[in-house]
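Here are a few exercises to work through with the model open beside you. Try each one by eye before reading its solution.

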Amino acid sequence: MQHHTTTTTDANSPRKGTLLKSAILASAALLTLGVLSIGPLVSAIGDEAPAAPTPDALRSLYERPIAEWPAAHWRDGVAPEDRRELGLVPDVTHPEDNPHSFEKVELGRTLFWDARLSGSRGVACVSCHHPDLGWTDGKAQSQGHQLQRSSRNAPTILGVAHLSSLMHDGRSLSLEEQALLPLANEKEMHSDFDTVVESLRAIPEYRARFKEVFGDDEITLDRITKALACFQRTLNPGRSRFDSFLRGKHTALSDQEIRGLHLFRTKANCISCHSGPLMSDDKFHNIGLSFYGRKFEDLGRYHITKDPKDVGAFRTPTLRNITRTGPYMHNGLFDLPGVINLYNGGGARPRPREDQKNDPLFPTTSSLLEPLNLTDSEKQDILAFLESLEEPRLRVSPPPLPGIDPPRPNRSAREEDAAP
Ligand code: HEC
Ligand code: HEC
């Protein structure tokens with residue numbers, strides 16, 4: 001049996017001890033199961049409780065092609081077309097009206113780092129979506145213009161090319177359209193579109209860069225958002241240990257991580273929503289965190305659809321690179337063990353106060369969530385599997401900014417494009 005080896009950073013080290021301890025506990029638990037499964041007890045249990053596979057048996061099941069893995073447990077409410085298995089993240093297709101070019105990606109990267117797009121000239125996209133923090137900001141809720149706090153947690157932009165809607169509530173339908181929102185948001189970049197365009201037009205090197213990409217040196221909002229979107233589409237996940245395992249390097253996952261993968265797809269039922277290669281069904285669910293009628297109230301998807309059944313629903317986020325993107329949830333109020341405990345209890349199920357009893361908007365937690373009865377070692381197994389989704393850290397050097405930095409050879413230019 002392999003030992004679970006963590007490749008965590010210092011930030012995670014306080015958990016290492018617990019993980020190690022639980023790995024030992026988990027091994028002990030499995031040994032017991034192993035003994036049980038050859039003993040007479042199991043046959044007495046009958047058909048309803050099949051013996052848990054031994055570590056070796058489970059490993060050999062998961063070392064087969066994905067199509068031959070043990071059947072996932074989908075909750076009844078998951079439509080057949082939504083039952084998408086985990087797997088390698090596909091290559092990105094760039095839209096016809098915004099085709100990929102190397103120069104456009106580099107222009108987009110430069111704009112992404114350039115705080116002159118903001119009203120104060122102090123906030124850039126990268127301020128809240130930083131590569132060292134898994135393309136997030138590491139804060140519970142983002143802080144933007146003059147350190148004003150937004151009400152939401154900055155999601156990662158890794159894998160955004162594959163999403164059919166953006167933002168926690170899905171209010172934006174394309175990356176091109178999305179980029180307009182933080183620019184004009186008064187708590188984020190606090191600018192206005194004319195100022196953004198004017199300030200870039202005043203920089204001759206930017207005009208040259210736009211000419212290189214778009215054929216003439218006209219700088220427009222449309223071109224700015226196209227370049228930003230093109231750059232973001234190149235950030236595709238796919239270099240985690242889980243991906244190596246899927247590509248056939250079976251030593252990439254420890255036994256504990258394989259147990260976690262199995263639980264994720266079966267008993268813990270995570271796959272019912274975190275499905276497909278990106279581990280998101282791209283749909284909206286209420287897992288009970290709307291804080292309806294309370295301080296952190298956020299009605300989520302309901303703000304967009306005005307449909308009472310969407311109160312408190314948020315888009316299922318990707319779990320790719322999850323260990324680097326905390327804290328978690330739309331409000332940033334959770335750490336990973338807290339997330340697991342939340343699901344183990346069947347999600348949050350707030351009960352209406354007396355004055356809320358007949359409130360048609362009182363949110364109902366998704367019926368896809370049920371108490372899971374996970375043991376402590378099973379929780380640790382799931383956490384270990386989530387850790388295997390961590391992408392290797394990139395050394396991303398900030399691009400030189402036109403009119404500020406002297407041009408220099410773009411050593412790291414293709415780092416993010418290197419995703420397989
Ligand atoms: C002050 C912090 C801040 C800045 C600056 C910022 N963002 Fe964001 N970003 C956020 C937050 C918070 C959200 C989630 C907002 C929501 O759901 O309401 C978000 C969401 C996104 C998303 C959607 C991701 C998803 O999974 O749905 C994309 C894409 C994005 N930002 C790109 C950008 C770009 C491009 C810029 C620069 C033009 C930018 N952001 C600037 C904080 C920021
Ligand atoms: C009913 C669908 C559903 C199921 C089942 C489900 N999730 Fe989620 N998950 C969501 C939604 C929706 C969110 C976002 C909620 C929010 O932002 O308030 C989320 C958020 C998360 C997050 C935080 C991600 C981030 O970037 O903030 C993690 C981690 C997570 N889920 C892991 C799991 C695990 C592990 C399981 C199984 C034990 C699981 N989920 C089961 C729908 C689900």
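**Exercise 1. Find the residues that come nearest to ligand 2, then sort its shell by class.**

Start at the ligand and work outwards. This is a predicted model, and in it 25 residues surround ligand 2. Those that come nearest are Cys 270, Cys 273, Tyr 328, His 330 and Tyr 343. Next, sort the shell: 16 of its residues are nonpolar and 9 are polar, with no charged ones.

**Exercise 2. Do the job again for ligand 1, and work out which elements supply its shell.**

First, the count: 27 residues lie around ligand 1, and Cys 125, Cys 128, Gly 144, His 168 and Pro 182 come nearest. Second, the elements: α5, α6 (175–178), α7 (180–184) and α10 each give two or more residues to this shell. The largest share comes from α5, with 3 residues. Third, the classes: the shell around ligand 1 holds 16 nonpolar, 8 polar and 3 charged residues.

**Exercise 3. Take stock of the protein chain: how many helices and strands are there, and what share of the residues counts as buried?**

Go through the secondary structure and you'll get 15 helices and 2 strands. Then look at burial: 39% of the 420 residues count as buried. One more step deals with contacts between residues at least 6 apart in sequence; 68% of them join residues at least 24 apart.

**Exercise 4. Describe how α4 packs on α10, and say which residues do the work.**

Step one is geometry. The axes of α4 and α10 (residues 221–233) run 7 Å apart, at an angle of about 100°. An angle of 65 to 115 degrees counts as roughly perpendicular, so that is the label for α4 and α10.

Step two is the residues. On the α4 side you have Lys 104, Val 105, Leu 107, Gly 108, Arg 109, Leu 111 and Phe 112, while α10 brings Ile 224, Ala 227, Leu 228, Cys 230 and Phe 231. By class, this contact has 9 nonpolar, 1 polar and 2 charged residues.

Step three zooms in on Ala 227. Beyond residues up to four places away in sequence, Ala 227 touches Lys 104, Leu 107, Gly 108, Leu 111 and Val 213.

**Exercise 5. Now look at α12 and α15: at what angle do they pack, and which classes of residue meet?**

Geometry comes up again here: α12 (255–265) and α15 (residues 376–387) pack at about 100°, with axes 7 Å apart. That angle makes α12 roughly perpendicular to α15. Gln 256, Glu 257, Arg 259, Gly 260, Leu 261, Leu 263 and Phe 264 of α12 meet Glu 378, Asp 381, Ile 382, Ala 384 and Phe 385 of α15. Sorted by class, the contact has 6 nonpolar, 2 polar and 4 charged residues.

**Exercise 6. Locate the largest nonpolar core and its main contributor.**

The largest nonpolar core has 33 residues. Leu 111, Phe 112, Leu 117, Val 160, Ala 227, Leu 228 and Phe 231 touch the most other members. Two or more residues come from each of α4, α5, α8 (193–201), α9 (204–214) and α10. The biggest giver is α10, with 6 residues. There is also a second, separate core of 28 residues, which includes Tyr 62, Ile 258, Met 279 and Leu 369.

**Exercise 7. Leu 117 sits in a loop; is it buried or exposed, and what does it contact?**

Place it: Leu 117 is in the loop between α4 (102–113) and α5 (125–128). Count its neighbours: there are 24 C-beta atoms inside 10 Å, so Leu 117 is buried. Then list contacts beyond four places in sequence: Leu 111, Ala 124, Leu 183, Met 189, Ser 191 and Val 196. One of these partners, Leu 183, is 66 residues away along the chain, yet the two C-alpha atoms are 7.2 Å apart.

**Exercise 8. Check the backbone for unusual phi and omega values.**

Keep the baseline in mind: most non-glycine residues have a negative phi, and most peptide bonds are trans.

- Arg 121 has a positive phi, near 60°. Arg 121 lies in the loop between α4 and α5, and with 13 other C-beta atoms within 10 Å, it is partly exposed.
- Asn 269 also has a positive phi, about 60°. Its loop runs between α12 and β1 (284–285), and 21 C-beta neighbours inside 10 Å make Asn 269 buried.
- The peptide bond from Gly 326 to Pro 327 is cis, with omega near -5°. Pro 327 is in the loop between β2 (314–315) and α14 (336–344).

Methods:
Residues numbered from 1 in each chain as written. Chains lettered and ligands numbered in written order. Predicted model: local features only at pLDDT ≥ 70, side-chain atom pairs only at ≥ 80, totals over all residues. Helix = DSSP H or I, 4+ residues; strand = E, 2+ residues; numbered from the N terminus. Contact = placed C-beta atoms within 7 Å. Axes fitted to C-alpha atoms, helices over the stretch in contact; angles between N-to-C directions. Parallel < 35°, antiparallel > 145°, perpendicular 65-115°, else oblique. Nonpolar A, V, L, I, M, F, W, Y, C, P; charged D, E, K, R; others polar. Near = placed C-beta within 6 Å. Buried ≥ 20, exposed ≤ 12 C-beta atoms within 10 Å, placed from the backbone. Core = buried A, V, L, I, M, F, W, Y, C linked by C-beta atoms within 7 Å.
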